[in-house]
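Please open the structure in your viewer and keep the sequence panel beside it. We will move from one selection to the next, pausing at each stop to see what is there.

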Amino acid sequence: MEGEMEEVKEKKKRSASLSTASASLTSSSMWSIFMHADITDMWLMAFGFIGAVGDGFGIPLMLIITSKIMNNLGDGPGSSDTSLFTHDVNKNAINLLYLACGSWVASFLEGYCWTRTGERQASRMRARYLKAVLRQDVGYFDLHVASTAEVITSVSSDSLLIQDVLSEKVPNFIMNTSTFFGAYIVAFILLWRLALVALPFVVLLIIPGLMYGRILMGLARNLREEYNKAGMVVEQAISSIRTVYSFVGESKTMKEFSAALEGSVKLGLKQGLMKGIAIGSNGVAFAIWAFMCWYGSRLVMYHGGQGGTVFAVGAAIIVGGLALGSGLSNVKYLSEASSAGEQIMEVIKRVPHIDSDNMDGQILQTISGNLEFRSIVFAYPSRPDTPVLQDFNLSVPAGRTVALVGGSGSGKSTVIALLERFYDPSKGLILLDGVDINRVSS
């Protein structure tokens, strides 16, 4: 019993260290979340990209038309020609209707195409991941944290995270980025003096997004690591529930689980503080708006500016800066999805040493059943320094019944596992009718 408990503890420590190394991948590529796209998904993402860009440019274009309407209304019909005034107002109103129709089409493409491709890619990723896990050899499960809990988490939580990023976060990022560039292009076209003076204030508008995106990105990665540690405690306790009950270890398990959650609680408090500061910092937009109102009045008085143009440029500066800050907040979710996608792709691309999908090898036309273990040396991958078999030799003629007798840990089940080729011996050969079983086609 004590030996079993020690083995459980060692496996828990090894699993936690592996999950830590896996969760702290810093070279995760964002493109890993798009690795499961086919030609149809490429077209869907292309149309979705066009729709997201069109949706982002909707507000800047609306501000151009709005500035013209406000200038017309501010100037009034005058005393000479009311028909020209009515014509200009109606023309701009019709342009707004055209813009509304175009914005609807762009928003539809953005929503439908990205949601559709997100569902398709996530479904394909789940199937590939499960197939890759079932393809791995037994030694992989001994060395890695490929437990039932992790497989379920990757198939459900990680795939849902990637699906949510593809369906919502990526188009939202593209839309906000397009709004930023479109708004500042419009601002410089309408009134370049005001846009140039207000340009340095963009940094103040971006700070909230940078705080929410960059700082919380690291906190989110650490939170994922802490939750993995807590989940591993539960998984190990459930998988060894008989041992836990035998040693009345329920209270100890609860204490370990609570201790594992302490790190996530502290990180959660930091995350809440950073999020509050980031969201509260959006109030700087009112101060920037006050400055632009003052400077805009100077442009109206001394440089021939118009009220509607000043309003449109000020709104473009504020909307563009806030849009970029909001878009940068999606970096956190992109980072989480990239990390999850990288781990999934690592399993999918891994070719096991004992590959069940490899059909190459020698096909035996007739099998007599003569078995021979010749000079076998073997140690389990999880315990390479503890050899189980050393120079083991055994010959079993066809049709003969042989009993393996020995104490616990002497290698009885290990011999059968080697025969079934769950593992390959470190040294030596296992022969079936004189043919190495490593060369026999599965």
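Is the crossing of α3 and α12 left-handed or right-handed? To find out, select helix α3, residues 82-135, together with helix α12, residues 331-349, and remember as you look that this is a predicted model. The crossing of these two helices is left-handed. Their axes come within 8 Å of each other and cross at roughly 50 degrees, and because of that angle α3 counts as oblique to α12. Now show the side chains where the two helices touch: on the α3 side you will find Met 125, Arg 128, Tyr 129, Ala 132 and Val 133, and on the α12 side Ile 344, Val 347 and Ile 348. Sorted by class, the residues of this contact are seven nonpolar and one charged, with no polar residue.

Stay with α3 for a moment and select Gly 118, which lies in this helix. Is Gly 118 buried or exposed? Its relative accessibility is 0%, so Gly 118 counts as buried. If its neighbours within four places in sequence are set aside, Gly 118 is in contact with Gln 163, Leu 166 and Ser 167. You can also draw a distance from the C-alpha atom of Gly 118 to that of Asp 41, which gives 8.6 Å for two residues that are 77 residues apart along the chain.

Next, return to α12 and select Glu 342, which has its place in that helix. Glu 342 is partly exposed, with a relative accessible area of 26%. The C-alpha atoms of Glu 342 and Ile 33 are separated by 7.8 Å, although these two residues are 309 residues apart along the chain.

Before the next stop, zoom out to the whole protein chain, which has 13 helices and four strands. Of its 442 residues, 40% count as buried. Among the contacts in the chain with a separation of 6 or more, 82% are between residues 24 or more positions apart.

The next selection is another pair of helices, α10 at residues 284-302 and α11 at residues 307-328, whose axes come within 10 Å and cross at roughly 155 degrees. How do α10 and α11 run relative to each other? They are roughly antiparallel, a label that follows because the angle of roughly 155 degrees is over 145. The crossing of α10 and α11 is right-handed. The contact draws on Ala 285, Ile 288, Trp 289, Met 292, Gly 296 and Val 300 from α10, and on Gly 307, Val 310, Phe 311, Gly 314, Ala 315, Ile 317, Ile 318 and Leu 322 from α11. Colour these residues by class and you will see 11 nonpolar and three polar ones, with no charged residue in the contact.

Now move along to the loop between α8, residues 241-246, and α9, residues 250-280, where you will find Val 248. The phi of Val 248 is near 50 degrees, which is a positive value in a residue other than glycine. With a relative accessible area of 63%, Val 248 is exposed.

For the next stop, select helix α13, residues 412-419, and show Thr 414, Val 415, Ala 417 and Leu 418, which are buried. Looking down the axis of α13, you will see these buried residues fall within an arc of 165 degrees, so they line one face of the helix. What do the buried residues of α13 pack against? Add β1 (371-379), β2 (387-396) and β3 (427-432) to the view, since the buried residues of α13 pack against these strands.

Just after α13 comes Arg 421, which has its place in the loop between α13 and β3. Arg 421 has a positive phi of about 60 degrees although it is not a glycine. Its relative accessible area is 23%, and Arg 421 is therefore partly exposed.

The last selection is Gly 428, which is found in strand β3. Gly 428 counts as partly exposed, at 34% relative accessibility. Leaving aside its neighbours within four places in sequence, Gly 428 is in contact with Arg 374, Ser 375 and Ile 376. Finally, draw a distance between the C-alpha atoms of Gly 428 and Phe 392, which are 36 residues apart along the chain and are separated by 8.6 Å.

Conventions: Residues are numbered from 1 along each chain as its sequence is written. This is a predicted model: local features need pLDDT of at least 70, side-chain atom pairs count only at pLDDT 80 or more; totals for chains, interfaces and linings use all residues. Side-chain values use heavy atoms; hydrogens and water are left out. Axes are lines fitted to C-alpha atoms, for helices over the stretch in contact, and angles run from 0 to 180 degrees between N-to-C directions. Angles under 35 degrees count as roughly parallel, over 145 as roughly antiparallel, 65 to 115 as roughly perpendicular and the rest as oblique. A crossing is left-handed if the near helix is turned anticlockwise from the far one by less than a right angle, and right-handed if clockwise. Contact means heavy atoms within 4.5 Å. Ala, Val, Leu, Ile, Met, Phe, Trp, Tyr, Cys and Pro count as nonpolar, Asp, Glu, Lys and Arg as charged, and the others, Gly among them, as polar. Buried means under 20% relative accessible area, exposed over 50%, partly exposed in between (1.4 Å probe, protein chains only). The arc is that of the directions from the helix axis to the C-beta atoms.
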